[in-house]
Amino acid sequence: MQVTKTHFKNYIEQQENDWFEKFSPYITRSNTIKVGNGLGHSSELIRPYTQRFTILDVQTFPLTVNADKVEIYDGIHIPYPNKSFDTCICIFTLHHIPNNRSYFKELIRVTSKRIILLEETYDNVFQKLHLYLRDWIVNLRAGQSSDLHWKSYFSRRELNKLIKENNLTEVHRITKKHKSYIKELLILDLN
Ligand SMILES: C[S@@+](CC[C@H](N)C(=O)[O-])C[C@H]1O[C@@H](n2cnc3c(N)ncnc32)[C@H](O)[C@@H]1O
């Protein structure tokens, strides 16, 4: 079991390293909030890139590397005033949040410049099912099991709609096929 856990933890860390290289040039470097921490690896990669760093999550795990740096909150209301942060980073977390279309407005409320969003998306129900099951098993085996909400996964079309409805400007996008589904990095500026 320990070998399996280490294998999946290493897999997640490798993925987080790869994505960090792609989005780090877009961190505005002064005051950043990250929503969702997982085991903390990507958060600690981000830390040197910003002067002030706030991490919010609803829980920590036994293997979390930075548990003392995570602010636990109710998962719905971000306990900071409007435009408190230049950059908001949300990595593979939005689909773990119920009513996440309204929650996304909470991210916009506390941000003044930029949202960095990584999400797993799909184009059809078979991809969605594959993504849902893989998300469940990989997170469970890595030791960061989180609630899953079928309705919180975005199709590519829904993700585009979310950007448009919230009047965000897409500065950069990477769309990467992964297994049968898709991983998308979005750099979104507030207008
Ligand atoms: C599968 S992990 C992915 C984290 C990612 N690897 C990272 O570095 O940010 C999803 C995380 O989202 C967290 N989460 C779930 N609901 C949340 C909420 N409402 N607000 C913030 N984090 C939440 C979970 O506790 C978990 O730590």
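Two strands count as paired here if DSSP finds at least two bridges between them. With that in hand, let's walk through this predicted model, starting at strand β1. Three bridges join β1 to strand β4, residues 85-91, and the two run parallel. Within this pairing, Ile33 stands opposite Cys88 of β4.

Now look at the partnership with β2. Five bridges join β1 to β2, again in a parallel arrangement, and Ile33 has Thr54 as its bridge partner in β2. To get from β1 to β2, the chain passes through α2, and this β-α-β crossover is right-handed. Strand β1 itself, spanning residues 31-35, is mostly covered, with four of its five residues buried.

The ligand comes next. Its shell holds 20 residues, and the closest are Gly36, Gly38, Ser42, Gly75 and Ile91. Both α2 (41-46) and β2 (52-57) supply at least two residues each to this shell. By character, the shell divides into six nonpolar, 12 polar and two charged residues.

Finally, two loop residues deserve a visit for their backbone angles. Lys83 sits in the loop between β3 (70-72) and β4, and it has a positive phi of about 55° although it is not a glycine. Lys83 counts as partly exposed because it has 13 C-beta neighbours inside 10 Å. Asn167, in the loop between α5 (156-165) and β7 (168-178), also is not a glycine and has a positive phi of about 55°. Is Asn167 buried or exposed? Asn167 counts as exposed, because it has 9 C-beta neighbours inside 10 Å, and the cut-off for exposed is 12 or fewer.

Technical notes. Residues numbered from 1 in each chain as written. Predicted model: local features only at pLDDT ≥ 70, side-chain atom pairs only at ≥ 80, totals over all residues. Near = placed C-beta within 6 Å. Nonpolar A, V, L, I, M, F, W, Y, C, P; charged D, E, K, R; others polar. Buried ≥ 20, exposed ≤ 12 C-beta atoms within 10 Å, placed from the backbone. Right-handed = clockwise from strand over helix to strand, strands pointing away.
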